[in-house]
Amino acid sequence: MRTRPFTLVSALVGLTLMLFLILVPASAARAAGLSDAAAALKQGPVYVHPAMSGQVSQSEATALAEKIEKADKPVFVAVLPATAEFPPDNLLVNLRTQTGITGLYGVRLGDGFDAGADRSVMSNQAVDNLAAAVRDGGSTDASEQLESFVDQALTQVRGSAPASWDPGAVDDGVNAGALIALGAVVAAGGAGAYAVARTKRRRKAEEERAALDKLRVVVDEDITAFGEELDRLDFHPSEKGANDAMRADYTRALDAYDTAKSRMGAAEHPGDVRGVTEALDDGRHSLAVLAARREGRPLPERRPPCFFDPRHGPSVKDISWMPASGAAARDVPVCAADAARLEEGMEPMSRTVETGYGRRPYWEAGPAYGPWVGGYFGGGILPGLLLGTMLGNMLATPAYAADYGAGEFSGGEYGGGDVSGADFDASDFGGGDFGGGGGFDGGGFGGFDGGGF
């Protein structure tokens, strides 16, 4: 687990809590509500309401918290009673709002379970699948469900744990007098918060640079390949038979090449790569139209590039293909050469990229290639093409291809573990009906049958 810097802001939070415990008699304390759960989650990843200690013991809660903190992921767990203080309608959105930290939230409410997440850390569909897997995992025991949730979440969620969880933020060896003295320098707390934010921005910028460098390799290969196509093209605007339409096609292809180079040169975030591959796809379509005009053939319809390698150019047909993972067969757009190979029972000429396991087809690589492939296969067809593949599983989103490459490295303001307060779009915090005005009455919480909530 990474070590976060000591901050006066975190220490002052500890001071506030200590003074509350000292000055407020237990008899005067009100019943714990959602605000108490949110306040606790700001300080640590697991909160168990006092009334639910029979479902999750202190030792079990501590073990879950240690696992999450060690993984350094923005995963929050709350165990709440199904009482009037915790109405199920919009519970997850309200908890996220009051906690104010971007992340993945799992809630055990009474005997039910559900989860929600900001899209920057996990797609809505992935949250749906995760919550369903926990509910349908064969156990209704709270501790077992939450352990299953955490184990699965830590392998999928993006981002880092919030700085406010730093166990060094309040030193056990500091006495109450020292903590009270911190109140005299409360104005300096802003500087500490700024330092934490600056550190997170720097870390995120480093992650983006690493992802962009990985993408740059495949994109530069694509740009080079298209440039070589233009060099091999035996067309001159002044040649006999050339007309204005042909010259316009040729100009569009040249412009696409220049656009791709300039966009890649200006790229600062991995998501910027999508515009590069969109330009290359436009350029290859222009070349296909030019070839048809020169040969007197009907103009080709606008089709996506070859699924197996976009450098092959526009596809000519759809053909059924099944990934090596054993996922269901689906129709994919292919070029003439790959269609012939598949029809003869041979493997297509697939585009491979570098992974931690050597060179693999791009659909078996990680989410860093999402912006690259999203630029080639826009218009909503990409989820179906990648269904059941590693890349598809990591990038699954109900917003279709428009969201590919818009996750952790979108350049958005808040990533996993960032403090956003109430400044977030509830429609981007999802995994079910919550965030859209729906409640939990139809399933998930309260032991009701049905799927989702």
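Helices (H or I, at least four residues) and strands (E, at least two) are DSSP runs, numbered from the N terminus. The model is predicted: local features need pLDDT of at least 70, side-chain atom pairs count only at pLDDT 80 or more, and totals for chains, interfaces and linings use all residues. Residues are numbered from 1 along each chain as its sequence is written, and side-chain values use heavy atoms, with hydrogens and water left out.

**Exercise 1. The chain as a whole**

State how many helices and strands the protein chain has, and what percentage of its residues is buried.

Solution.
- Step 1. The protein chain contains 14 helices and nine strands.
- Step 2. A residue is buried under 20% relative accessible area, exposed over 50%, and partly exposed in between (1.4 Å probe, protein chains only). Of the 453 residues in the protein chain, 45% are buried.
- Step 3. Contact means heavy atoms within 4.5 Å. Among contacts in the protein chain between residues at least 6 apart in sequence, those joining residues at least 24 apart make up 69%.
- Step 4. Accessible areas come from the Shrake-Rupley method with a 1.4 Å probe, and for residues only the protein chains shown count as cover. The protein chain exposes about 21,000 Å², of which carbon and sulfur atoms supply 54%.

**Exercise 2. The two sides of helix 3**

Determine which residues of helix 3 are buried, which are exposed on the other side, and what the buried residues pack against.

Solution.
- Step 1. The expected span of a helix is 1.5 Å times one less than its number of residues. Helix 3 (residues 58–71) has 14 residues, and its reach of 20 Å from first C-alpha to last is close to the 20 Å expected.
- Step 2. Ala 61, Leu 64, Ala 65, Ile 68 and Glu 69 are buried in helix 3. Seen down the axis of helix 3, these buried residues fall within an arc of 130°, so they line one face of the helix. The arc is that of the directions from the helix axis to the C-beta atoms.
- Step 3. Ser 59, Glu 66 and Lys 70 are exposed on the other side of helix 3.
- Step 4. Strand 1 (46–48), strand 2 (75–80) and helix 6 (142–154) are what the buried residues of helix 3 pack against.
- Step 5. Asp 72 follows helix 3 and has a positive phi, near 60°.

**Exercise 3. Helix 6 and the loop before it**

Identify the residue that caps the N-terminal end of helix 6, and name the residues with which Ser 139 is in contact, leaving aside its neighbours within four places in sequence.

Solution.
- Step 1. Helix 6 has 13 residues and reaches 18 Å between its first and last C-alpha, close to the 18 Å expected.
- Step 2. The buried residues of helix 6 include Leu 146, Phe 149 and Val 150. Viewed down the axis, the buried residues of helix 6 fall within an arc of 165°, so they line one face of the helix.
- Step 3. Helix 3, strand 2, strand 3 (104–109), strand 4 (112–118) and helix 5 (124–135) are included in what covers the buried residues of helix 6.
- Step 4. The cap is Asp 141: a side-chain oxygen lies 3.1 Å from the backbone nitrogen of Ser 143.
- Step 5. Ser 139 sits in the loop between helix 5 and helix 6, and counts as buried at 17% relative accessibility. With the stated neighbours left aside, its contacts are Glu 144 and Gln 145.
- Step 6. A polar contact is a pair of N or O atoms within 3.5 Å; within protein, one must be able to donate a hydrogen and the other to accept it, and residues adjacent in sequence count only if both atoms are side-chain atoms. The side chains of Ser 139 and Glu 144 make such a contact (2.5 Å).

**Exercise 4. Strand 6 and its partner**

Find the sense in which strand 5 and strand 6 pair, and the bridge partner of Ile 319 in strand 6.

Solution.
- Step 1. Two strands pair if DSSP finds at least two bridges between them. Strand 5 (residues 317–321) and strand 6 pair in the antiparallel sense, over five bridges.
- Step 2. Val 332 of strand 6 is the bridge partner of Ile 319.
- Step 3. Strand 6 (residues 330–334) is mostly covered, with four of its five residues buried.
- Step 4. Leu 386 belongs to helix 13 (residues 382–386) and counts as buried at 0% relative accessibility. Leu 386 is 54 residues from Val 332 in sequence and 9.5 Å from it in space, C-alpha to C-alpha.
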